[in-house]
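Please read the points below with the model open beside you. They take up aromatic rings, one helix and one pocket in turn.

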Amino acid sequence: MGLGITDTAMRDAHQSLLATRMRTADLLPIAEKMDKVGYRSLEVWGGATFDTALRFLKEDPWERLRELKKRIKHTPLQMLLRGQNTVGYRHYADDVVEKFCELAIKNGMDIFRIFDAVNDTRNMQTAFRAVKKYGGHVQGTICYTISPVFTADSAVQMALELAEMGADSLCLKDMAGLLDPMTAYEIVSRIKAAVNLPLALHSHCTSGMADMVYIKAIEAGVDSVDTAISSMSHGTSQPPTESLVASLRGTKWDTGLDLELLTEIAEYFAKVRRKYAAFESNTFGVDAAVLIHQMPGGMISNMINQLREQNAEHRLPEVLAEMPRVREDLGFPPLVTPTSQIVGAQAVLNVLMGERYKVVTNEVRQYLAGYYGRPPAPVNEEVRHKVLGNRPAITGRPADYLEPELEKARQEIGQLARSEEDVVSYALFPQVARDFFEWRERGGGPEKETVAAIAAALTAALSPGLRPAEKSGAAVAGRLGVAEGRGEARPALAMSPWRLAGRQRAQRG
């Protein structure tokens, strides 16, 4: 059997390159053609797509899933699930996690790639049980990072734990493109020797190594890899599907995929991508600095914009130097949502305040108190004491300290919710979902005007008469007053340092 391919164009690719702004209307026309390719699966949901659909696109993410399922009848649909965080940025009670998984399966989801930001398998247990209960496929996920405590041994140990928990398959998730070819070979070969489960590999091209990483992982026995159709690949996205398919032709790993059909799909996405130029990350080349600061996707671009707003862009080198120190203080968490935002926000505060941990975000306070799970390594006790005083950290599974939330959400949203899916959306993102439901009750409307304005601005921005700088997505976004989102849609904490420091809303350590 040849290598399996999961294409990410409908989820991670546009999340990494286009701030997750691709609309359902642009995904549906190509869905049936993608279903004919023979992919192992199609990643179409989860990650930031749920939040962004409600917040920015004024779309129902559940409807997107249903409409894609109507058209994709032969290829399994796949999503990214943040364990106890589901598709949000905090831990939710078990009843919310279970209902989310139940409804996702009911609406068409097949494969759940489940991870935890600190690789604490306790934070994945409820999602595992729920997906298994309702008939979905559990893909237990190991977040790769570079740290003194993450090793091939720890990766194998976590793989064994995930298998014991009932995983149907495994994934090694390299969310920032940090994995190098030789390390990939070692980890993949050792996991395959220790666990008799299919293993997938996910990486990003940010550092320029992902294409080479995939070849070595394939040689080591990986069963499938994540790619993106070429017109949605590279930069901070995944390696191109067609290039890998061509590279493996005639070998024992031959994917059997049709390059002519893939070329047609690439041409479609090339045209669609132009419509979203206002949201381009503008990170087209290699950013080898990611190997030092380890920030995933285009988080650095967002940080630059935030520093610029504070007339402090010149302090970026200080922030980048502070990030590894904050990460070490917090026990070397992998930098993936939400830990990447937690570390980045605190690094900025430490630099701007002129004293480390003089001001802390509530998320850092909660992290140090144990409410995000068990850190990969012990935290800095001096920092913990400065922030928490003598308050002890919890040692149990964080969700065990949460009261049920679903019924409360149902009562609060009332008749604005038209379905159980609406109730879950509200439980996950109360204000964002309420705004969407109220907009929906009014009949929508204004969103069409916004879309028209974006289209008009794009036409003007891309006209030959403009200077090169004015043709950039940044210029368009600035004229429209649209924030330049990068990679994953960020939780409030990513912006909170400015609001907290500026309005004195931060809690002092």
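1. I would begin with two aromatic residues, bearing in mind throughout that this is a predicted model. Tyr144 is buried, and Phe150 is buried as well. Their rings have centres 5.3 Å apart and planes at 85°, and because planes over 60 degrees apart count as edge-to-face, the pair is described in that way.

2. This is one part of a wider set, since the structure holds 14 aromatic pairs. Another of them joins Phe50 and Trp62, whose ring centres lie 5.6 Å apart with the planes at 90°, so that this pair, too, is edge-to-face. Phe50 belongs to helix α3 (residues 49-57) and Trp62 to helix α4 (residues 61-71), and the pair thus links distant parts of the chain, 12 residues apart.

3. How accessible are Phe50 and Trp62? Phe50 has a relative accessible area of 1%, and Trp62 has a relative accessibility of 0%. Because buried means under 20% relative accessible area, Phe50 counts as buried, and Trp62 likewise counts as buried.

4. A reader tracing these rings further will find that Phe50 and Trp62 belong to a cluster, in which ring pairs also link Trp45, Tyr89, Phe100 and Phe429.

5. Two other rings are worth inspecting for the charges placed over them. The charged end of Arg21 sits over the ring of Phe56, at 3.9 Å from the ring centre, while the charged end of Lys173 sits over the ring of Phe115, at 5.4 Å from the centre of that ring.

6. Turning to helix α6, which spans residues 125-133, one may ask which of its residues are buried. They are Thr126, Ala127, Phe128, Ala130 and Val131. In general, an α-helix has 3.6 residues a turn, so residues three or four places apart point the same way. The buried residues of α6 pack against the strands β3 (77-81), β4 (111-114) and β5 (137-143), and also against α5 (94-106) and α7 (152-164). Just after α6, Gly135 takes a positive phi of about 90°.

7. The last point concerns the second largest pocket, which has a volume of about 280 Å³. What lines this pocket? Its lining is made up of 17 residues, and those that lie nearest its centre are Val118, Asn119, Ser154, Met158 and Pro376. Sorted by class, the lining has 8 nonpolar, 6 polar and 3 charged residues.

Definitions and conventions:
Residues are numbered from 1 along each chain as its sequence is written. This is a predicted model: local features need pLDDT of at least 70, side-chain atom pairs count only at pLDDT 80 or more; totals for chains, interfaces and linings use all residues. Side-chain values use heavy atoms; hydrogens and water are left out. Buried means under 20% relative accessible area, exposed over 50%, partly exposed in between (1.4 Å probe, protein chains only). Helices (H or I, at least four residues) and strands (E, at least two) are DSSP runs, numbered from the N terminus. Contact means heavy atoms within 4.5 Å. On a 1 Å grid over the protein atoms alone, a cavity is a set of points where a 1.4 Å probe fits but cannot get out, and a pocket is an open set with protein on both sides within 12 Å along at least five of seven lines; lining residues have an atom within 4 Å of a point. Grid points are joined across faces, edges and corners, and a volume is the space filled by probe spheres set on the points. Ala, Val, Leu, Ile, Met, Phe, Trp, Tyr, Cys and Pro count as nonpolar, Asp, Glu, Lys and Arg as charged, and the others, Gly among them, as polar. Rings of Phe, Tyr and Trp (its six-membered ring) pair if their centres lie within 6.5 Å; planes under 30 degrees apart count as stacked, over 60 as edge-to-face and the rest as tilted. A charge sits over a ring if NZ of Lys or CZ of Arg is within 6 Å of the ring centre and within 35 degrees of the ring normal.
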